[in-house]
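Let's take a walk through this fold, starting with a pair of helices and then moving on to the sheet. Keep the viewer open as you read.

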Amino acid sequence: MPPSQPIRAARGVRDVLPGERAAWAQVEQAAARVARSFGYQEIEVPIIEPAELVERMGEDTDVVAKEIYRFQDRGGRWLALRPEATAGVVRAYFEGGLQAGPQPARLYLLGPMFRYDRPQAGRYRQFHQLDVEAIGDPSPALDAEIIELAAGWLNALGLRDVRLELNSIGDSRCRPAYLRLLQDYYRPHKEKLHPDCQRRLETNPLRLLDCKEERCQPFKARAPRVTDHLCEPCQEAFSEVRGLLDAAGIEYQLNPFLVRGLDYYTRTVFEFQHEALGGAQNSLVGGGRYDGLASALNWPDTPAVGFAAGLERVLSMMKREGEEVVPAPAAGLLVLPAEPGLSVAAAQVARSCREAVATAVDYSERSLRAKMRAAAKAGARWVAIFNREEGARKVVQLREMTSGEQAEVAWADLPERLISS
Ligand code: AMP
């Protein structure tokens, strides 16, 4: 790139500018509030993890391996930027000794995730997730709890056009037989399937069910349904989850095509979708039970359930539904020295007011008129104006911008005055 080009952001990432940050804070605070109200505690895990850890998580290996930001550090170790948080959280649960504490460990995390995907609307290379996990308890009631938590959060954000889809994909007892049935059903049609599906038929047949290709749809529609082939305990677990959701007044639709492609996912899978999110990007929240993950990472066999929600998508749907969050002005009070050479006094006035209200100084050398215009534009509630003579007397003209009311106030009385009005 020629040296004269301004340096721009990497492809597929975005900045959160101050004007958007208020909406982000609202989404994050609601997540923390709702998660805590269910007894979940915050956890943070590193953004870099051993590549091996995140690669064990990859769906359909050859596809997702390409999505992982993988690099060698200076010591020659292979690391990856986390593409999701679950594997890291499970690792931390064991390494941090949480398995010796009360079970399940109820945990939530907010943070950036990284996937080297083709950037498009609703799909970024750095994006943010709310991740919620309950580790160490096989009870189906926890599946319902996790779903209720997600629903509570989306509801707190005022999102209305959200649909919950639910399925069960069985476990290591009943799924192998179902997968053979699925393969037997699809094999005679193999030549007519999309090349990806031809490959899935052999490597990962469950993924045939979430194929979006037009030419595979007729076969999908007639495919045997996993919920017709669950073993007794899986059936019971599924009906318990459904009963609990009914009791909680949470509506859902059964979707026999909703799946996860890896062996360690078991039983409940769910997704919250938004009507307005089109095509492949229609998912706001994806989750389910993953009783086999801990042992896939070579830790003791431990049941767990959780979900991940995409914050960018949640925010764009809030905006679409008109849930506009008005950012608070950066400063409630702007100190406007009316003549040059008053910076020391202006800084002193500001220092004394900050306990009462967020305060900034306009240090520029433009005219007082221009400073007033800028203060109005910035949304400040008050301005404190003073010239050299007023500075010497340690007073300002305190003006309330909307009413235009103005009065002389001594520096010493400013904090009190700002708090009381
Ligand atoms: P997943 O971990 O793939 O189940 O994704 C969970 C949620 O994260 C999805 O429902 C999306 O809301 C969000 N998400 C996944 N990938 C991306 C991406 N590349 N850009 C933005 N959001 C994403």
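At what angle do H1 and helix H5 pack, and how far apart are their axes? Bear in mind that this is a predicted model. Here, H1 and H5 (residues 140-156) meet at about 140°, and their axes sit 9 Å apart. Angles over 145 degrees would count as roughly antiparallel, and 65 to 115 as roughly perpendicular, so H1 ends up oblique to H5. As for handedness, the crossing of H1 past H5 is right-handed.

Which residues make that contact? On the H1 side you'll find Val27, Ala30, Ala31, Arg33, Val34 and Ala35, while H5 brings in Leu149, Gly152, Trp153 and Ala156. Sort the residues of this H1 and H5 contact by character and you get eight nonpolar, one polar and one charged.

Now for the sheet. It is open, has eight strands and runs E1-E5-E6-E11-E10-E9-E7-E8, with mixed pairing. Strand E1 (41-42) and strand E8 (253-254) are the edges, each pairing on one side only. Zoom in on strand E6 (residues 126-135) and strand E11 (residues 304-310): they pair in the antiparallel sense over seven bridges. Pick Ala134, and its bridge partner in E11 is Val305.

Helices pack on this sheet too. Helix H1 (residues 18-37) touches strand E5 (105-114) and E6, and its direction makes about 160° with that of E5. Helix H9 (residues 232-247) packs on the sheet as well, touching strand E7 (162-168), E8 and strand E9 (266-274). The direction of H9 makes about 160° with that of E7.

Key: Residues numbered from 1 in each chain as written. Predicted model: local features only at pLDDT ≥ 70, side-chain atom pairs only at ≥ 80, totals over all residues. Heavy atoms only, no water. Pairing = 2+ DSSP bridges. Helix = DSSP H or I, 4+ residues; strand = E, 2+ residues; numbered from the N terminus. Contact = heavy atoms within 4.5 Å. Axes fitted to C-alpha atoms, helices over the stretch in contact; angles between N-to-C directions. Parallel < 35°, antiparallel > 145°, perpendicular 65-115°, else oblique. Left-handed = near helix turned anticlockwise from the far one by under 90°. Nonpolar A, V, L, I, M, F, W, Y, C, P; charged D, E, K, R; others polar.
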